[in-house]
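This report introduces one protein structure to a reader who has not met it before. Please keep the sequence and the 3D view at hand while reading.

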Amino acid sequence: MIRIDRVLANNPGPFTGPGTNTWLLDDGNGELVIIDPGPIDVQHMEAIHNAIGDRSVVAVLVTHTHEDHAPMANPLALDLEVPAIGHAPGPNFDPDLRLDDGGHLEVGTSRLEVVHTPGHSQDHLCFRVEDILFTGDHIMGGSSVMVETMGPYLESLQKIRGTGMRRLHPGHGDVMEDPDLVIDWYLAHRMQRHEQIYEAIRAGANSAQAVVETVYSDVGTLLQPLALRSVQAHLTLLTEQGRIASDQGEIAITSPKAP
Ligand SMILES: [Zn+2]
């Protein structure tokens, strides 16, 4: 039976919740992979080594290359003499091996399957073992996901819905049961935001910043950049949908309802 351990990095914050979850996935016979070793941090590195104990690591994986997930992957992989694996190189990561959607990796007697889930970032992967999915920042426990590209993000949520999973192990926050229910909530929440943003523009908000002030008025200053990026992702999708258009930086809806 597979065994999963969590080592929590000491990087709590508005974007990372309690900190980054570094996951150790063991096939049950002492062969394991490390998922998202997190930021460069000597104490966290030690904690990971302690959690490994005398077991045998076969690879270090990253869900994506953001600075709270990937920077320690290369040094740790080098130290353990195993490959560092991800979807693509990034500013904090240089993969020895690149995995794409549908790819897989043998972890002892277990098979880890790769699901490409662009949206939070273009290079984002989820990893599936049996009925468990490691979700990185595609789905987080207890905090809001920053979305770079909304269309792909929504598709990436649909993609993992109804695939028979039982648990989600996120990059931040606690393990979640009932994945389809969580995904439905995520989809509903996003669509609700999407319509709120459209309505704000209809009511006269004519810039991304104006939309943030209308729709995210309750958000503290620390989260303002996140809100702005999310709004921009929604605006891009509304533009792709032909519902809004921008003219010299001013946004407006394209088809005002006739009276
Ligand atoms: Zn993260």
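The report treats a sheet, a metal site, several salt bridges and some single residues in turn.

**The sheet**

The model is predicted. One of its features is an open sheet of 6 strands, in the order β7-β8-β9-β10-β11-β12 and with mixed pairing. At its edges are β7 (104-107) and β12 (176-177), each of which pairs on one side only. In general, the strands of a sheet pair through backbone hydrogen bonds, either parallel or antiparallel.

Strand β10 shows both kinds of pairing. Towards β9 (residues 125-129), β10 (residues 132-136) runs antiparallel, and 3 bridges join the two strands. Within this pairing, Arg 128 stands opposite Leu 133 of β10. The two strands form a hairpin with 2 residues between them, and Glu 130 in the turn has a positive phi of about 50 degrees. Towards β11, β10 runs parallel, and 4 bridges join this second pair. Here Gly 136 stands opposite Pro 170 in β11. Together, β10, α3 and β11 make a right-handed β-α-β unit.

How much of β10 is buried? The count is 5 of its 5 residues, so the strand is largely enclosed by the rest of the structure. Ile 132, Phe 134 and Gly 136 point one way from β10, Leu 133 and Thr 135 point the other way, and all are buried.

The neighbouring strand β9 contains Val 129. This residue is buried, because its relative accessibility is 1% and the cut-off for a buried residue is under 20%. Val 129 touches Ile 2, Leu 25, Ser 110, Arg 111 and Leu 112, leaving aside residues up to four places away in sequence. Of these contacts, Arg 111 is 18 residues from Val 129 in sequence and 6.3 Å from Val 129 in space, C-alpha to C-alpha.

**The zinc site**

Which residues are the protein donors of the zinc ion? They are Asp 68 (OD), His 69 (NE2), Asp 137 (OD) and His 172 (NE2), lying 2.0 to 2.2 Å from the ion. Along the chain, these donors follow the spacing D-H-x67-D-x34-H. Asp 137 lies in the loop between β10 and α3 (150-160), and His 172 in the loop between β11 (167-170) and β12, so this pair ties together parts that are 35 residues apart in sequence. Asp 137 is buried, with a relative accessible area of 2%, and His 172 is also buried, at 0% relative accessibility.

The angles among the 4 donor atoms run from 87 to 150 degrees, and the site is irregular. It does not count as tetrahedral, because that would require all angles to lie between 85 and 135 degrees, whereas the range here reaches 150 degrees.

**Salt bridges**

The structure holds 12 salt bridges. Three of them are listed below with the distance between their closest N and O atoms.

| Acidic residue | Basic residue | Closest N and O atoms |
|---|---|---|
| Asp 5 | Arg 3 | 3.0 Å |
| Asp 26 | Arg 55 | 2.8 Å |
| Asp 184 | Arg 161 | 2.6 Å |

Asp 26 forms its salt bridge with Arg 55. This pair links distant parts of the chain: Asp 26 is in strand β2 (residues 21-26), and Arg 55 is in the loop between α1 (42-52) and β4 (56-61), 29 residues apart. Both Asp 26 and Arg 55 are buried.

Arg 161 and Asp 184 form another of the salt bridges. This pair also links distant parts of the chain, with Arg 161 in the loop between α3 and β11 and Asp 184 in helix α4, 23 residues apart. Arg 161 is partly exposed, at a relative accessible area of 33%, and Asp 184 is partly exposed as well, at 31%. Elsewhere, salt bridges that share partners join Arg 3, Asp 5, Asp 26 and Arg 55 into one network. Within this network, Asp 5 counts as buried at 19% relative accessibility, whereas Arg 3 is partly exposed at 41%.

**Helix α5 and strand β13**

In helix α5 (residues 208-215), the residues Ala 208, Ala 210, Val 211, Val 212 and Val 215 are buried. The buried residues of α5 pack against α4 (179-202), α6 (224-240) and β14 (250-253).

Is Asp 247, in strand β13 (residues 244-247), buried or exposed? Asp 247 counts as exposed, at 55% relative accessibility. Asp 247 and Arg 229 are 18 residues apart in sequence and 20 Å apart in space, C-alpha to C-alpha.

Note on methods: Residues are numbered from 1 along each chain as its sequence is written. This is a predicted model: local features need pLDDT of at least 70, side-chain atom pairs count only at pLDDT 80 or more; totals for chains, interfaces and linings use all residues. Side-chain values use heavy atoms; hydrogens and water are left out. Two strands pair if DSSP finds at least two bridges between them. Donors are N, O and S atoms within 2.8 Å of the metal (3.2 Å for Na, K and Ca); water is not among the atoms, so sites may look incomplete. Four donors count as tetrahedral if all angles lie between 85 and 135 degrees; four count as square planar and six as octahedral if opposite donors are over 155 degrees apart and all others between 65 and 115; anything else is irregular. Buried means under 20% relative accessible area, exposed over 50%, partly exposed in between (1.4 Å probe, protein chains only). Contact means heavy atoms within 4.5 Å. A salt bridge is a side-chain nitrogen of Lys or Arg within 4 Å of a carboxyl oxygen of Asp or Glu. A crossover is right-handed if, with the strands pointing away from the viewer, the path from the first strand over the helix to the second runs clockwise.
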